[in-house]
Amino acid sequence: MGRLFWKFFFAFWLALLTAGIGVGTAVWLRHSAQQNQTTKQADVVDVRRASLVKLAASTLPHGGVKGLHDFIQTLQNTRFPPIYAVDDTDRELLGRPLATGVLQQARALHRKNAYPDAIQMVAADDGHRYLLFVPLPEHGFGDLFRPSFPGGNPGLPPMGFDGSILGDRPPPPPRNPDDRSRSPRNEPPSPILPIVSGCLASLLFSGLLAWYFAKPIRSLRDAFNAVAQGRLNTRIGNAMGRRGDELADLGRYFDHMAQKICSLINAQQNLLHDVSHELRSPLARIQAAIGLAQQQPEKLPATLERIERESQRISDLVGELLMLSKLEAGVAPGKIDRINLADLLADIVADVRFEAEPKRVELSYHGDIDAVIECQSELLHRAIENVLRNAVQHCKTAGTVLIAADFGSDNRRLRIRVDDDGPGVADQDLTAIFQPFFRSGQPQKPHSTGLGLTIAHRAVEAHGGSISASNRPKGGLSVLIEIPFPTRQANER
């Protein structure tokens, strides 16, 4: 669990916790308000007097409205709480005063069917419907009708629901208005349980989310460490699973990077192997020549000539390697020059034609390019010269090398094509011939270092161009060089 994991973890956890507490508190407050409103409405009716309401409702089928009137009138002279009967015109049966708010809340509770036994709607013979309920005494209705028994106007003795006389029983203690605050009610639920549950849930999901993001980053860290220790075959694409986010893309980019690094190191190792092989042969011949000179002093001039030739070969090879290393490192070996392209091509063709005379190879140059360009003249000269020399070396005796130079259709892209009459190259090796010391199964030419086309390829790329090879239909190899020169100026000498 690294630092990034804990950063993700605490950030997500605090965000989820804050959101959960905020939403939970809002829901709890709304629920409490609704519950308090419901409790407030229910407090206007004494739901414990449902038996009295049922008894009053049962008098209508037998005594009608008069019987209900007499029952309520008689009941108010007892110790029982008064029953109110309100018709559909909001008129109380006995004409007693009734607060409008209490009546509205009682009707609202009846519509909700909250307390069907304590609040009843009954139809009477006079065509009206009466709402029967018993208000709570704390609303002031208990003092409206005080009983006259005993010591007052004679009336019915207080009787219980079982028919027994309540005269011998002590009167119930007066209700203290403060008792209402102490009466049991439906308290709102405690927010502790939702808060604890939300904390635990956010803790769990934050941990999972932080682990989901931190796991591939740990894999990348381990992979970078493995590559730094030399394990270049390390790949983490499969370790990313099926995720399709930017972290998975980063894993694929790492695999691509590791593959390229592995290829470059292998190429360097192969180059080092080839260089050592190329240097070993002339050094072995020099050592053999020295031994021959020691054994046969009379052959010293020929031996010295052989030593000089092999030394020159080593010098050429070292020079080509230095040039190749500069190109691959992106170090420009020369400054930007302003040259005439026609003069450059003419000089290169003249130099190579001199080297081609011993093989009786003819160079045929076609191109009327009279333009001044800005380029690295040394690199461009080396690239074109190496391609021409390679064509002359592989061309058959008394063959012809064709050189054609022009600008493309957009008049801003130099095209140089070199065709020879040699054996050509296998199709699968057309791109490999630009690799260092490539051998296509043909015998190595005595004056070839094996780096000419490689240097030409790097030099053309340094100018933003491209070089490609293809086999000619009638035999031989065709090499095409294309270099953009957007700042060229025509017809300037």
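Arg129 belongs to strand β3, which covers residues 129–133 of this predicted model. The residue is partly exposed, since its relative accessible area of 46% falls between the limits of 20% for buried and 50% for exposed. Once neighbours within four places in sequence are set aside, the contacts of Arg129 are Val86, Asp87, Asp88, Met121, Val122 and Ala123. The C-alpha atom of Thr89, a residue 40 places away along the chain, is separated from that of Arg129 by 9.1 Å.

Further along the chain are two helices that pack against each other, α7 (residues 246–295) and α8 (residues 300–328). Their axes come within 9 Å and cross at roughly 165 degrees. Because an angle over 145 degrees counts as roughly antiparallel, α7 and α8 are described in that way. The crossing of α7 past α8 is left-handed. On the α7 side, the contact is made by Val275, Glu278, Leu279, Pro282, Leu283, Arg285, Ile286, Ala289, Ile290, Leu292 and Ala293. The residues contributed by α8 are Leu300, Thr303, Arg306, Ile307, Glu310, Ser311, Arg313, Ile314, Leu317 and Leu321. Sorted by class, the residues of this contact comprise 14 nonpolar, 2 polar and 5 charged. The spacing of such positions can be read against a general property of helices: an α-helix has 3.6 residues a turn, so residues three or four places apart point the same way.

Helix α8 also packs against α11, with the two axes 10 Å apart and at an angle of about 30 degrees. This angle makes α8 roughly parallel to α11, because the term applies to angles under 35 degrees. Here too the crossing, of α8 past α11, is left-handed. From α8, the contact involves Glu320, Met323, Leu324, Leu327 and Glu328; from α11, Thr454, Ile455, Arg458 and Ala459 take part. The classes represented in the contact of α8 with α11 are 5 nonpolar, 1 polar and 3 charged residues.

Helix α11 itself is mostly covered, with 8 of its 11 residues buried. The buried residues are Leu453, Thr454, Ile455, Ala456, His457, Arg458, Ala459 and Val460. What do the buried residues of α11 pack against? Their partners are α8, α10 (377–394), β9 and β10. Just after α11, Gly464 adopts a positive phi of about 80 degrees.

The strands β9 and β10 lead to the sheet. Five strands form an open sheet with mixed pairing, in the order β5-β7-β8-β10-β9. Its edges are β5 (362–366) and β9 (466–471), each of which pairs on one side only. On average, and with direction ignored, neighbouring strands of this sheet are turned by 15 degrees against each other. Within the sheet, β8 (residues 413–419) and β10 (residues 477–484) pair in the antiparallel sense over 7 bridges. Arg413 stands opposite Pro484 of β10.

Two helices lie across strands of this sheet. Helix α9 (residues 341–356) lies across β5, β7 (400–407) and β8, and runs at about 170 degrees to β5. Helix α11 (residues 452–462) lies across β9 and β10, running at about 135 degrees to β9. Helix α11 thus takes part in two of the arrangements described here: α11 packs against α8 and lies across β9 and β10.

Notes. Residues numbered from 1 in each chain as written. Predicted model: local features only at pLDDT ≥ 70, side-chain atom pairs only at ≥ 80, totals over all residues. Heavy atoms only, no water. Pairing = 2+ DSSP bridges. Helix = DSSP H or I, 4+ residues; strand = E, 2+ residues; numbered from the N terminus. Axes fitted to C-alpha atoms, helices over the stretch in contact; angles between N-to-C directions. Contact = heavy atoms within 4.5 Å. Buried < 20%, exposed > 50% of the residue type's maximum accessible area, 1.4 Å probe, protein only. Parallel < 35°, antiparallel > 145°, perpendicular 65-115°, else oblique. Left-handed = near helix turned anticlockwise from the far one by under 90°. Nonpolar A, V, L, I, M, F, W, Y, C, P; charged D, E, K, R; others polar.
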